[in-house]
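Take a look at the model below. We will go from the whole chain to one helix, and then to a few single residues.

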Amino acid sequence: MTILNNILAVSWHEFRVICTRYSILLVLSGGIFVYGLLYNYMYAPNVVRNAPVAVVDMSRTPLSRSYIRLLDATPQARVLTNNADLPAAKELMKCDEVVGIVYIPSDFDARVGRGEEAIYIMYSTTTAFLYFASMQEASAGAMLAVNDDVRPEQVVFLPQDDIQSVVQTKSVDVVGTALYNYTDGYGTYLIPAVLMVVIFQTLIFVISMLSGKERETGDILMFAGPEGRDLSFLRMASVVIGKSFTYLAFYALFSIFLLGLLPLVFQLPHLAYPWKIVALMIPYILATSFFGLACSLFFSDSDAPLLLVAFFSVGLIFLSGVSYPLELMPWYWQWIHYMVPAASGTLAFVKINSMGASMSEISQQYIILWIQCAIYFVLACRAYRYNIKKAKCESCLLYTSPSPRDRTRSR
């Protein structure tokens, strides 16, 4: 009964501190709601089709007109006008009538005739991240088509003995089939993984700010009992469990918003049954909580961890194995993948929610998360015991050090 009372007391204290500290509320509101909505909004088109483009054709040759026709034929772009000059095209982009400009220089045809590389200049608006990618894909694809039409004789650069064999060899047709992202949408591929990383990072932010503030003010001593002498493993376990229970309650609500509401609003993949997501998020949030509390050993203040952890978001996406195959990573990155809860949790969530995998197909990641829970729970208890001992030593030194008046009297 005493352990249960300790857990409830710690949990209530943590809940009260989170709700009354404006810096933590700002991190939660900004990281969960603002970041979640903003990131989805920037990738909201998902797949850009027939984006209006203005072409400034300074060459005005049959080759440039052929390039413009091929650009207009791409699924990503639609040539709105090809008679505007550069200032007029910029005005169209300022008025949001076009999302990009393709500038064809006057020496476009002459450079191709001399066998040199043709140059074109592309401008794109940044109102959405995907406009630039679609513009680049459309303009580059059209240029490759022009290259195939104008320079089919580029095989003459091969040795004469090899020309005949190359010409007679049948080309290899490569057909790509997207199994889980049939629209090739960038948001569909990226956003589910980003949402899991947002949960991990914001929770680490909260834990680092709370733990750092406790060590700064000396409030961490209250977790050692009324007399400050109880440093047993059960006492530290009740502290860690109490704190983690509060984090679990908060992030259960945040997960409903990030993983339940946003996919419906922005039409992201949501193939998993709700009970699968719940079963995955319980060990994921607990492992992240224990991981953050274990890392509190290095949180001596409440500000420095924010500057450190904020730069890990891109690395965590790659480390998860979503954007780069885990099997192709060096062994040391694979070890780090198994050590960080965000990596296994993100990969498991993408599998069940975007690929329609079953729980048995994510059993490896699921077991890893529970193993991380056990290991980081023990490390978190030992870390808090060490932090409390260090805080007691510092407070003893503070009280026993002579004041300036005492040192003056001793002289």
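Helices and strands here are DSSP runs, with at least four residues for a helix and at least two for a strand, numbered from the N terminus. On that basis, the protein has 16 helices and 4 strands. The model is predicted.

Start with the whole protein. Of its 411 residues, 45% are buried. The accessible surface is about 22700 Å², and carbon and sulfur atoms hold 64% of that area. Now consider contacts between residues at least 6 apart in sequence. Of these, 79% join residues at least 24 apart.

Next, the helix α1. It spans residues 2-20. Its 19 residues reach 27 Å from first C-alpha to last, close to the 27 Å expected at 1.5 Å a residue. Which residues of α1 are buried? They are N6, I7, V10, S11, H13, E14, V17 and I18. These residues lie on the same side of α1, because they cover an arc of only 160 degrees around the axis. What do the buried residues of α1 pack against? Their partners are α2 (22-42), α8 (186-217) and α9 (233-265). The face turned away from the buried side carries the exposed residues L8, W12 and T20.

Stay in α1 and find I3. I3 counts as partly exposed, because its relative accessibility is 40% and that class lies between under 20% for buried and over 50% for exposed. Beyond residues up to four places away in sequence, I3 touches L234 and S238. R235 is 232 residues from I3 in sequence, yet their C-alpha atoms are 7.4 Å apart in space.

Move on to α13, residues 331-339. W331 is part of this helix. Is W331 buried or exposed? W331 is exposed, because its relative accessible area is 61% and the cut-off is over 50%. W331 also helps to make a nonpolar surface patch of about 720 Å². The other residues in the patch are Y332, W333, W335, I336 and M339.

M339 leads to the last stop. Q372 is in contact with M339. Q372 sits in α15, residues 363-400. Q372 counts as buried because its relative accessibility is 4%, and buried means under 20%. What else does Q372 contact, leaving aside neighbours within four places in sequence? The list also holds A287, Y338, V340, P341, S344 and F377.

Notes: Residues numbered from 1 in each chain as written. Predicted model: local features only at pLDDT ≥ 70, side-chain atom pairs only at ≥ 80, totals over all residues. Heavy atoms only, no water. Patch = residues over 30% accessible without salt bridge, like charges linked within 9 Å, V, L, I, M, F, W, Y side chains within 5 Å. Areas by Shrake-Rupley, 256 points an atom, 1.4 Å probe, with all protein chains shown as cover. Salt bridge = Lys/Arg side-chain N within 4 Å of Asp/Glu carboxyl O. Buried < 20%, exposed > 50% of the residue type's maximum accessible area, 1.4 Å probe, protein only. Contact = heavy atoms within 4.5 Å. Expected span 1.5 Å × (residues − 1). Arc of directions from axis to C-beta.
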